[in-house]
Amino acid sequence: MAQPANDDPWSSSVTVLSRFGVEVQGTFDYEKFRALCAQLFDADEVEQHEWRAREVFELFDADADGALNDQELHRCCNWIHATINPVNVLIVVDVQNDFIDGTLALRKCGYGQEGLEVLKPINRLLKDGRWDKVIYSQDWHPENHISFFDNLAMREFHPESKITKEIAKPFDTVVFLQPHLTQILWPRHCVMNTWGAELHKDLLILPSSERIYKGQHPEKETYSAFEKDTDGSSELNKILSAAGATHLYVCGIAYDVCVKQTCLDGLWYGYRLAVIDDCCRGVKPDDITATKKLITENGGLVTCSDHVLSLVNEGKHSLVMAHHAAKIIMS
């Protein structure tokens with residue numbers, strides 16, 4: 001996360017706070033902090049989520065004396081600095097042919113979701129957003145991948161699996177013996193180097209963007225774009241760290257599967273993160289609702305593309321996203 005260049009706590013705090021006309025002299029208590037938040041974030045958001053502002057203040061007030069001393073204020077101003085100097089990254093998850101028109105098209109899952117509907121709003125974000133980086137992820141499976149229903153003959157079921165091979169069908173959840181894992185059985189999809197694995201032809205691809213290919217190990221299911229390598233590192237996290245990313249905006253398919261897990265991992269890594277609701281479609285509406293709740297509970301923002309464009313283009317800021325960042329800083 002970006003930091004003020006000056007290592008002197010008092011000097012750097014004055015530099016940051018002077019941008020907002022905040023008087024540093026005297027006691028920096030919650031009333032001053034709240035007034036600062038009203039300028040930093042939307043006043044209505046502060047009023048609606050004042051508990052978040054209060055909690056952020058209390059996180060920085062490490063000695064709980066009701067005021068921020070020089071060191072506490074310095075940490076607070078580092079948090080403000082990253083808030084007002086974001087490095088914004090758009091992550092477009094799995095907008096691939098098989099999820100839109102192919103073997104695992106959302107419309108074929110029977111819950112009324114349509115993958116094509118993400119293309120127009122995502123393309124608008126790609127065209128109009130001032131992104132520091134754009135990353136596309138793609139499912140990229142080998143022919144013998146463990147998740148494919150028609151590969152059942154290749155592996156044994158664990159005795160604890162409630163579904164047996166004889167009655168198993170697509171979308172069932174089974175337990176394999178070796179490797180020992182619980183797995184949803186999907187129709188064959190996104191086989192590497194096939195049409196189904198390609199990004200949809202109508203999706204705008206920015207020349208300066210990067211790609212993440214996930215799910216390449218035959219014995220391992222991977223939903224998150226933060227898939228870990230054999231050494232435990234994540235290629236996506238390496239890219240984001242090299243870019244100095246602070247704010248992640250996630251969209252794509254499927255909302256309740258790969259988008260969900262990418263968001264939860266991004267929050268776990270400590271990024272300020274928003275999922276763009278109108279730019280996502282999923283499998284089951286009930287699971288999508290549960291996904292939004294889970295992302296919110298873990299510190300993420302669930303919002304729409306119009307709000308995202310105001311954040312990345314107009315210098316506006318989200319208290320929800322900043323609240324999560326403060327908890328990570330002080331953890």
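Here are some worked exercises on the predicted model above.

A word on ground rules: local features need pLDDT of at least 70 and side-chain atom pairs count only at pLDDT 80 or more, while totals for chains, interfaces and linings use all residues. Residues are numbered from 1 along each chain as its sequence is written, and side-chain values use heavy atoms, with hydrogens and water left out.

**Exercise 1. Work out how domain 2 and domain 3 meet.**

Step 1: get the bounds. Domain 1 spans 13–84, domain 2 takes 88–145 + 187–313, and domain 3 covers 149–185; such bounds come from an automatic or database domain assignment.

Step 2: look at the contact. Domain 2 puts in 11 residues and domain 3 puts in 11 residues, where contact means heavy atoms within 4.5 Å. The C-alpha centres of domain 2 and domain 3 are 26 Å apart.

Step 3: check the area. Between them, domain 2 and domain 3 bury about 830 Å², with 43% of it on carbon and sulfur atoms. Buried area here is the accessible area (1.4 Å probe) that two parts lose on being put together, summed over both. On the domain 2 side, Pro187, Arg188 and Glu219 lose the most area to domain 3, together 52% of what that side buries.

Step 4: find the charged pairs. The rule picks out two salt bridges across this interface; a salt bridge is a side-chain nitrogen of Lys or Arg within 4 Å of a carboxyl oxygen of Asp or Glu. Arg188 and Asp150 have side chains that meet in a salt bridge at 3.1 Å, N to O.

**Exercise 2. Follow Arg188 to Glu143, then turn to Lys214 and its salt bridge.**

Step 1: Arg188 also pairs with Glu143, the closest N and O atoms being 2.6 Å apart. Glu143 sits in the loop between β2 and β3 (173–176) and Arg188 in the loop between β4 (181–184) and β5, so the pair ties together parts that are 45 residues apart in sequence. Strands (E, at least two residues) and helices (H or I, at least four) are DSSP runs, numbered from the N terminus.

Step 2: judge accessibility. Arg188 is partly exposed at 25% relative accessibility. The cut-offs: buried is under 20% relative accessible area, exposed is over 50%, and partly exposed is in between (1.4 Å probe, protein chains only).

Step 3: now Lys214. Its salt bridge is with Asp139, with 2.6 Å between the closest N and O atoms. Lys214 belongs to strand β5 (residues 210–214) and Asp139 to strand β2 (residues 133–139), 75 residues apart. Both Lys214 and Asp139 are buried, and together with Asp94 they form a network of salt bridges.

**Exercise 3. Which residues of α11 are buried, and what do they pack against?**

Step 1: seven of the nine residues of α11 (residues 305–313) are buried, so the helix is largely enclosed by the rest of the structure.

Step 2: name them. They are Ser305, Val308, Leu309, Ser310, Leu311, Val312 and Asn313.

Step 3: list the neighbours. These residues pack against β1 (88–93), α7, β6 (247–253), β7 (272–281), β8 (301–303) and α12.

Step 4: step past the end of the helix. Just after α11, Gly315 has a positive phi of about 70 degrees.

**Exercise 4. Is Cys263 buried or exposed?**

Step 1: place Cys263 in helix α9 (residues 255–268).

Step 2: read off the accessibility. With a relative accessible area of 0%, Cys263 is buried.

Step 3: leaving out residues up to four places away in sequence, Cys263 touches Val250, Leu273, Val275 and Ile295.
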